[in-house]
Amino acid sequence: MVAIGVLPGGLPGKVFMAHLLPENPEGKIYEVYPPLSIEQMNRSAEDILTPLYDELDVPEKTYATDDRKERAILISVSKANKLDQEESLEELRELAHSAELNPVGDVIQRTKMTHPKTLLGEGKLKEVIMKGLQSRADLLIFDQNLTPLQVRKIGEITEMKVLDRTQLILDIFAQRAVTREAQVQVELAQLRYRLPRLAERSTALSRLTGGIGGRGPGETRLEVDKRRTRDRITRLEHEMESLAQGRLQRRMKRNAHPIPILSIVGYTNAGKSTLLNALTKSDVKTENLLFSTLDTSTRRLRFPREREVIITDTVGFIQSLPPDLMGAFQSTLDELKDAHLLIHLVDISAPRFEDQMGAVEAILAQLGIDKTPKLLVFNKTDRVDAETVALLCKRHGALGVSALHPGTLLPLLAAIEERVWQGDAFSVLPAASND
Ligand SMILES: Nc1nc2c(ncn2[C@@H]2O[C@H](COP(=O)(O)OP(=O)(O)OP(=O)(O)O)[C@@H](O)[C@H]2O)c(=O)[nH]1
Ligand SMILES: [Mg+2]
């Protein structure tokens, strides 16, 4: 970018010049040159621009493998302390990977007061735009949830696509949903989240086609979008009702037989599906990604003497689970209410496992199932030294296992048996369940 001053007589004055820099170790985004008079300008634009363009093009070649993925800048604006903010951003990065995006840069702002319209202050927003140009990102992902107005404003100012944490999680859910029920639940949540955020596609375009009196095609288009979205929501709600009916019947049938139900709950990526597989020798998909399971899987787990329990594995929890998502998985989460015993599985190799435990407890309380008997189980003990495992288990009254090593599961099986049966009778089933 070049600005040329004009002297009172109309002759050119000082020349001001600045340009974007290719990515560099110092993290500098742009170069501003000291002002020159026109006589001092002894290099042709081509001499400056050709090598610069070449250099700016380099990332294209080196990032070739990830190039098909959308490039995103992660942004966090919060008054939380530095450590909490960074760890939350780290989780956002994992979420971005799980959504098959390519996070190429971070912008962090710690502030007591967030900007009502753009969350970020003006200076930071400029930094975001520059970073976007430099790293060729076209997507901004905020760790904090944004109001519809903020999404619109930030999108207008930066000309980039804007997502927040909830939308990112919804996107992952949409990519992963397999059963019809999960698909309907996710689409409903997405549409409900989007409805108030629908806006004119482009202000420039609607100005062009706006017509006289302000009732041009731009405005009508928005109304059509909103109506279509509402229609679709109504249709999906009906479908959800009939799916829920089927689920209810299955639940009633199951409740008619006095078989205890165990549900594995826990933070996303704790190893819930791996544990279900190990206990019941099945092959529910497991992955080192957040939210690999969205649907409930139910298996039978047999014990000696013809005893058996039903064991279920379901969607994982995450800190600040958006309320829209809780709603989306209501019927899945409702199944947890049928459980007679919850296995709360914790990944003790996670640096913040105690926070994760807290987040799970909070969600269980929100769902009103904090009174269900619980067995606290620490997983991934193979990744932590034995002494620490023993210490942590003792401190929290937990049982240590490694779902990848079936040999470690015997004490867990014994504990389940002990909690479920007392002598020959069930200890977790109410006597009334026989009628
Ligand atoms: N080292 C180690 N890795 C484990 C253990 N248990 C599970 N994992 C790994 O942890 C990752 C997550 O396991 P999953 O079983 O998919 O976790 P999940 O809790 O079902 O996760 P979501 O369904 O995404 O909420 C996988 O890569 C597993 O192989 C364990 O005991 N030790
Ligand atoms: Mg899973």
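**Burial, sheet and salt bridges in one chain**

Mentor: A137 has a relative accessible area of 10% and is buried. The model we are looking at is predicted.

Trainee: Where in the chain does A137 sit?

Mentor: Its burial, at 10% relative accessible area, does not name a place in the fold. For that we look at the elements on either side, which are helix 3 (122–135) and strand 7. A137 is in the loop between helix 3 and strand 7.

Trainee: Which residues does A137 touch, not counting those up to four places away in sequence?

Mentor: One residue to look at is I73, which is 64 residues from A137 in sequence but 6.5 Å away in space, C-alpha to C-alpha. I73 also appears in the list of contacts. With neighbours up to four places away left out, A137 touches R71, A72, I73, V104, G132 and M160.

Trainee: A182 is found in helix 6. Is A182 buried or exposed?

Mentor: The cut-off for buried is under 20% relative accessible area. A182 has a relative accessible area of 3%. Therefore A182 counts as buried.

Trainee: Which residues is A182 in contact with, leaving aside neighbours within four places in sequence?

Mentor: A182 and T296 are 114 residues apart in sequence and 9.5 Å apart in space, C-alpha to C-alpha. T296 is not in the contact list of A182, though. That list holds A177 and D295.

Trainee: What is the order of the strands in the open sheet of 4 strands?

Mentor: The edges of this sheet are strand 6 (102–110) and strand 8 (161–164), each with a single partner strand, so one side of each has no neighbour in the sheet. Neighbouring strands are turned by 25° against each other on average, direction ignored. The pairing is parallel, and the order is 6-5-7-8.

Trainee: How many bridges join strand 5 to strand 6?

Mentor: Strand 5 covers residues 71–78 and runs parallel to strand 6. In this pair, L74 stands opposite D106 of strand 6. The number of bridges joining strand 5 to strand 6 is 8.

Trainee: At what angle does helix 2 run to strand 6?

Mentor: Helix 2 is made of residues 82–98. It lies across strand 5, strand 6 and strand 7 (139–142). Its angle to strand 6 is about 160°.

Trainee: Now the charged side chains. How many salt bridges does the count come to?

Mentor: Side chains of opposite charge can pair when their charged atoms come close. The rule asks for a side-chain nitrogen of Lys or Arg within 4 Å of a carboxyl oxygen of Asp or Glu. By this rule the count comes to 23.

Trainee: Which residue forms a salt bridge with E187?

Mentor: The closest N and O atoms of this pair are 2.7 Å apart. E187 lies in helix 6 (residues 180–194) and its partner in helix 8 (residues 217–256), so the bridge ties together parts that are 45 residues apart in sequence. E187 is partly exposed at 23% relative accessibility, and the partner is partly exposed at 27%. That partner is R232.

Trainee: E308 and R300 meet in a salt bridge too. Is E308 buried or exposed?

Mentor: The N to O distance in this pair is 2.5 Å. R300 has 44% relative accessibility and counts as partly exposed. E308 has 18%, and under 20% is the cut-off for buried. E308 therefore counts as buried.

Trainee: Which residues are linked with R352 in a network of salt bridges?

Mentor: Start with the pair D355 and R352, whose closest N and O atoms are 2.8 Å apart. D355 is partly exposed at 44% relative accessible area, and R352 is partly exposed at 22%. The network also takes in a further glutamate, so R352 is linked with D355 and E87.

Trainee: Last, the surface. How much accessible area does the nonpolar patch with V2 have?

Mentor: V2 is found in strand 1 (residues 2–6) and is partly exposed, with a relative accessible area of 48%. The patch is formed by V2, I4, I38 and M41. Together they have about 320 Å².

Trainee: What percentage of the residues of the chain count as buried?

Mentor: The chain has 14 helices and 16 strands, and its accessible surface comes to about 23700 Å². Of its 435 residues, the part that counts as buried is 45%.

Definitions and conventions: Residues are numbered from 1 along each chain as its sequence is written. Chains are lettered from A and ligands numbered from 1 in the order in which they are written. This is a predicted model: local features need pLDDT of at least 70, side-chain atom pairs count only at pLDDT 80 or more; totals for chains, interfaces and linings use all residues. Side-chain values use heavy atoms; hydrogens and water are left out. Helices (H or I, at least four residues) and strands (E, at least two) are DSSP runs, numbered from the N terminus. Buried means under 20% relative accessible area, exposed over 50%, partly exposed in between (1.4 Å probe, protein chains only). Two strands pair if DSSP finds at least two bridges between them. Axes are lines fitted to C-alpha atoms, for helices over the stretch in contact, and angles run from 0 to 180 degrees between N-to-C directions. Contact means heavy atoms within 4.5 Å. Patches are made of residues with over 30% relative accessible area and no salt bridge: like charges are joined within 9 Å, nonpolar side chains (Val, Leu, Ile, Met, Phe, Trp, Tyr) within 5 Å. Accessible areas come from the Shrake-Rupley method with a 1.4 Å probe; for residues, only the protein chains shown count as cover.
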